[in-house]
Amino acid sequence: TIRIDTLPVQGGGPPLAWSDVDIKNIETTLIDDKAGLLVLVETESNNNYHLHIKKLYGQVESVKHVVKAKRLLVKLQKQKKKKAGDIWGDKTNAKAWPHP
């Protein structure tokens, strides 16, 4: 989960609190074959903000966002890893080989 509590201000001033900004639209998109993330935030005053993460730690299955009063939560659903016995599929026997 990625938490966004503040938004930057042009000119390098102190950041705006999320609760002080009127949000018009939010888009969250997976990019680069589900390896990166793009978050676009549009405000009522027509200011556009974007967060671009080029490479996440592993591929992501899906992304969704939750708008709270004081922050934006971007939830990433990772792909489930296969179990150790599933590397050959479900039809084989993954028991250890017998020893002489």
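In which loop is Asp33 found? Asp33 is found in the loop between S4 and S5. The model in which this residue is placed is a predicted one, and the report below moves from its overall composition to its strand pairings, its nonpolar core and a few individual residues.

## Overall composition

The secondary structure of the protein comprises 0 helices and 8 strands. Followed along the sequence, these elements give the pattern β-β-β-β-β-β-β-β. The protein has 100 residues, and buried residues make up 18% of them. Its accessible surface is about 8100 Å², and carbon and sulfur atoms contribute 52% of that area. Among contacts with a separation of 6 or more, 34% are accounted for by residues 24 or more positions apart.

## The sheet S1-S8-S7

Strands of a sheet pair through backbone hydrogen bonds, in either a parallel or an antiparallel sense. Here, 3 strands form an open sheet in the order S1-S8-S7, with antiparallel pairing. Strand S1 (2-4) and S7 are the edge strands, each of which pairs on one side only. On average, neighbouring strands of this sheet are turned by 15° against each other, with direction ignored.

Two pairings build this sheet order. S1 is joined to S8 by 3 bridges, and the two run antiparallel. Within that pairing, Arg3 has Leu73 of S8 as its bridge partner. S7 is joined to S8 by 7 bridges, again in the antiparallel sense, and a hairpin of 4 residues links S7 to S8. Leu73 of S8 is also the bridge partner of Val66. Leu73 is therefore a bridge partner of both Arg3 and Val66, under the criterion by which strands are paired through bridges.

## The S5-S6 hairpin

S5 and strand S6 (residues 48-53) pair in the antiparallel sense over 6 bridges. In this pairing, Val41 stands opposite Tyr49 in S6. The two strands form a hairpin with 4 residues between them, and Asn46 lies in the turn.

## Positive phi in two loops

Most residues other than glycine have a negative phi. Asp33 departs from this pattern, with a positive phi near 60°. Asn46 likewise has a positive phi near 60°. Asn46 is found in the loop between S5 and S6, while Asp33 belongs to the loop between S4 and S5. Asp33 counts as exposed because its relative accessibility is 64%, and Asn46 counts as exposed because its relative accessible area is 54%.

## The nonpolar core

In soluble globular proteins, nonpolar side chains tend to be buried together. The largest nonpolar core of this model has 13 residues, and those with the most contacts inside it are Leu7, Trp18, Val39, Val41 and Leu72. Two or more residues are given to this core by strand S5 (36-43) and by strand S8 (72-78). S5 supplies the largest share, 3 residues. Val41, named among the residues with the most contacts inside the core, is also the residue that stands opposite Tyr49 in S6.

## Thr28 and Lys64

Thr28 is found in strand S4 (residues 23-31), and Lys64 is found in strand S7 (residues 60-67). Thr28 is buried because its relative accessible area, 18%, falls under the 20% limit. Lys64 is exposed because its value of 54% is over 50%.

Beyond its neighbours within four places in sequence, Thr28 is in contact with Leu38, Val39, Val63, Lys64, His65 and Val74. One of these, Val39, is named among the residues with the most contacts inside the largest nonpolar core. The side chain of Thr28 also makes a polar contact of 3.4 Å with the side chain of His65. With the same sequence neighbours set aside, Lys64 is in contact with Thr28, Leu73, Val74 and Lys75. Lys64 and Glu27 are 37 residues apart in sequence, yet 8.9 Å apart in space from C-alpha to C-alpha.

The accessibility of the four residues discussed individually is set out below.

| Residue | Relative accessible area | Class |
|---|---|---|
| Thr28 | 18% | buried |
| Asp33 | 64% | exposed |
| Asn46 | 54% | exposed |
| Lys64 | 54% | exposed |

Terms used:
Residues are numbered from 1 along each chain as its sequence is written. This is a predicted model: local features need pLDDT of at least 70, side-chain atom pairs count only at pLDDT 80 or more; totals for chains, interfaces and linings use all residues. Side-chain values use heavy atoms; hydrogens and water are left out. Buried means under 20% relative accessible area, exposed over 50%, partly exposed in between (1.4 Å probe, protein chains only). Contact means heavy atoms within 4.5 Å. A nonpolar core is a set of buried Ala, Val, Leu, Ile, Met, Phe, Trp, Tyr and Cys residues joined through side-chain atoms within 4.5 Å. Axes are lines fitted to C-alpha atoms, for helices over the stretch in contact, and angles run from 0 to 180 degrees between N-to-C directions. A polar contact is a pair of N or O atoms within 3.5 Å; within protein, one must be able to donate a hydrogen and the other to accept it, and residues adjacent in sequence count only if both atoms are side-chain atoms. Accessible areas come from the Shrake-Rupley method with a 1.4 Å probe; for residues, only the protein chains shown count as cover.
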